[in-house]
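Student: I would like a close look at one part of this structure, namely its largest cavity and the strands around that space. Please describe the lining and then set it in the wider architecture of the chain.

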Amino acid sequence: MRVAVIGLGAWGSMTAWRLAEAGADVVGYEAGVIGHDGGSSHGATRLYRRLCVEHAGLVPLAERSAALWRELERVSGEPLLTVTGGVSIGPADSALVRDSLAVAAATDVEHALLDADAIRARWPMLRIGDDAVGVVDPAAGILAAEPSVLAAAAAARHAGATLHERARVDATDAADGIVRVDGREERFDQVVVTAGAWTGALVPGLGVTPTRTLVTWFAPRPGQEAQHAAEALGVVVVAVGDAWMWGHGAQPGGLVKLGPADDPAFVPIEPDDLLGSSDPRDGALVSRLAATALPGLDPTPTDVRPCMYGRTTDHQFVLGRVGERLTVGGGCNGHGFKHAAAIGEHLAEVALGAEPTVPLPFADATRFQAAATATA
Ligand SMILES: Cc1cc2nc3c(=O)[nH]c(=O)nc-3n(C[C@H](O)[C@H](O)[C@H](O)COP(=O)(O)OP(=O)(O)OC[C@H]3O[C@@H](n4cnc5c(N)ncnc54)[C@H](O)[C@@H]3O)c2cc1C
């Protein structure tokens, strides 16, 4: 079967790899170069969490992804996933803790519950309230972001895929499996669109809004380096007031990465305008959260880089078939890197007409179209 994959960031490169491994004749198109810094997948790292507070149905996806990340490590010879363990911390009645415990109860995922004294003993660098509890996710860790994309693309090519770079698809005609690029038409049995924040430009009506965000890095104060190393801090998500901050400790030669779950500076954007964009509010919220929860860090970020993702109103992914020959993967909502390997498998299975290894009914790609039709 001849399958096109449009967009080769984390999701598309993994999809191309899984399709090629399944025996499909794969042609991938990437508007930039694979691993470029103008989409969602660039930078050094992403967090891996197994206890996915976003939806209980994502826990099996994260588990499946971990197995595929390890397979990609074997194929590529690159270390991609470093397990550090992680913890989500907040008052017992905070949404972060409540939702984490609800997901843990619904899935039986390995976890532990700590009180404030136990958190302070294990994470002395964190400043927390006496009412804080921590939900530990022992499988959490840090993914190498750009190396993962490059490794998946190389694995796809090794398995027979042809991947074109600097090849922006102008349009795709879902009914006929036609892909138009550089004034030419190519015909496919199936087309998969994994164009990140650009997905809605190629397939309108999916309910995905391109949203600008930031990647921000912080340096430990002098003498605080060991406390904030990856093996000490691990992966943390902390509720501070109504806000959440996620982050991980510094890897060798690196810095501490922190970001807010949401921010007034995260606004809709035209995806092509991302690079070079700025907002006067950039970095202000995360700096305040860092100063509150991690006083051993200099709260002024050392580096602030724009990034973006496709956002949906229910914060869930948009995955699956939207036409006889068309499958989409979009709406990552800022939590899709850890799942990229299994999402690639899922999209490949859907495009090939196979039963998905991990069913994801809550991410159905037609749900916003169905809602719009119902309210019309
Ligand atoms: C700041 C930030 C922090 C994040 N942190 C985490 C985290 O800690 N853990 C986690 O799990 N997730 C995290 N995420 C989310 C994760 O990075 C994304 O879910 C993931 O990278 C999505 O990849 P993608 O392939 O969908 O998009 P992209 O990487 O943007 O790939 C889409 C590709 O499509 C290409 N394209 C677009 N239009 C066309 C066209 N017409 N023709 C050809 N190619 C086209 C683009 O050039 C692009 O390369 C974070 C995201 C951001 C922005």
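**The largest cavity and its surroundings**

Tutor: In this predicted model, the centres of domain 1 and domain 2, taken over C-alpha atoms, are separated by 27 Å. The domain assignment gives domain 1 as 2-58 + 145-206 + 314-375 and domain 2 as 86-138 + 210-311. Between them, 24 residues of domain 1 are in contact with 33 residues of domain 2.

The cavity itself comes next. With a threshold of 30 Å³ or more, the count comes to 1 cavity. The space in the largest cavity is about 70 Å³. Its lining consists of Arg49, Leu51, Gly86, Val87, Ser88, Ser100, Val135, Asp137, Ala140, Val235 and Val237. Strand 5 (86-91), strand 7 (132-137) and strand 15 (235-240) are the elements that give two or more residues to this lining. Of these, strand 5 provides the largest share, 3 residues. Sorted by class, the lining holds 6 nonpolar, 3 polar and 2 charged residues.

The strands of the lining lead to the sheet they belong to. An open sheet of 8 strands, with mixed pairing, follows the order 6-7-5-15-16-17-14-18. Its edge strands are strand 6 (112-114) and strand 18 (303-311), each of which pairs on one side only. On average, neighbouring strands of this sheet are turned by 25 degrees against each other, direction ignored.

Within that order, strand 15 and strand 16 (residues 243-248) pair in the antiparallel sense, over 6 bridges. In this pairing, Val236 stands opposite Gly247 of strand 16. Val235 and Val237, for their part, are among the residues that line the largest cavity.

A helix is also set against this sheet. Helix 3 (residues 95-107) lies across strand 5, strand 6, strand 7, strand 15 and strand 16. The angle between helix 3 and strand 5 is about 130 degrees. Ser100, another residue of the cavity lining, falls within the range 95-107 given for helix 3.

Just before strand 15 in the numbering comes a further helical element. Ala232 is found in helix 7 (residues 230-233). Leaving aside residues up to four places away in sequence, Ala232 touches Arg122, Trp123, Met125, Ala226 and Gln227. Ala232 and Leu352 are 120 residues apart in sequence, and their C-alpha atoms lie 44 Å apart in space.

The chain also contains an open sheet of 3 strands, in the order 10-11-12 and with antiparallel pairing. Strand 10 (169-173) and strand 12 (184-187) each have a single partner strand, so one side of each is left without a neighbour in the sheet. The twist from one strand to the next averages 20 degrees here. Strand 11 (residues 178-181) is joined to strand 12 by 4 bridges, and the two run antiparallel. Val179 stands opposite Glu186 of strand 12.

To return to the part you asked about, the largest cavity has about 70 Å³ of space, and strand 5, strand 7 and strand 15 each give two or more residues to its lining. Those strands stand in the order 7-5-15 within the 8-stranded open sheet, and helix 3 lies across them.

Technical notes:
Residues are numbered from 1 along each chain as its sequence is written. This is a predicted model: local features need pLDDT of at least 70, side-chain atom pairs count only at pLDDT 80 or more; totals for chains, interfaces and linings use all residues. Side-chain values use heavy atoms; hydrogens and water are left out. On a 1 Å grid over the protein atoms alone, a cavity is a set of points where a 1.4 Å probe fits but cannot get out, and a pocket is an open set with protein on both sides within 12 Å along at least five of seven lines; lining residues have an atom within 4 Å of a point. Grid points are joined across faces, edges and corners, and a volume is the space filled by probe spheres set on the points. Ala, Val, Leu, Ile, Met, Phe, Trp, Tyr, Cys and Pro count as nonpolar, Asp, Glu, Lys and Arg as charged, and the others, Gly among them, as polar. Two strands pair if DSSP finds at least two bridges between them. Axes are lines fitted to C-alpha atoms, for helices over the stretch in contact, and angles run from 0 to 180 degrees between N-to-C directions. Contact means heavy atoms within 4.5 Å. Domain bounds come from an automatic or database domain assignment.
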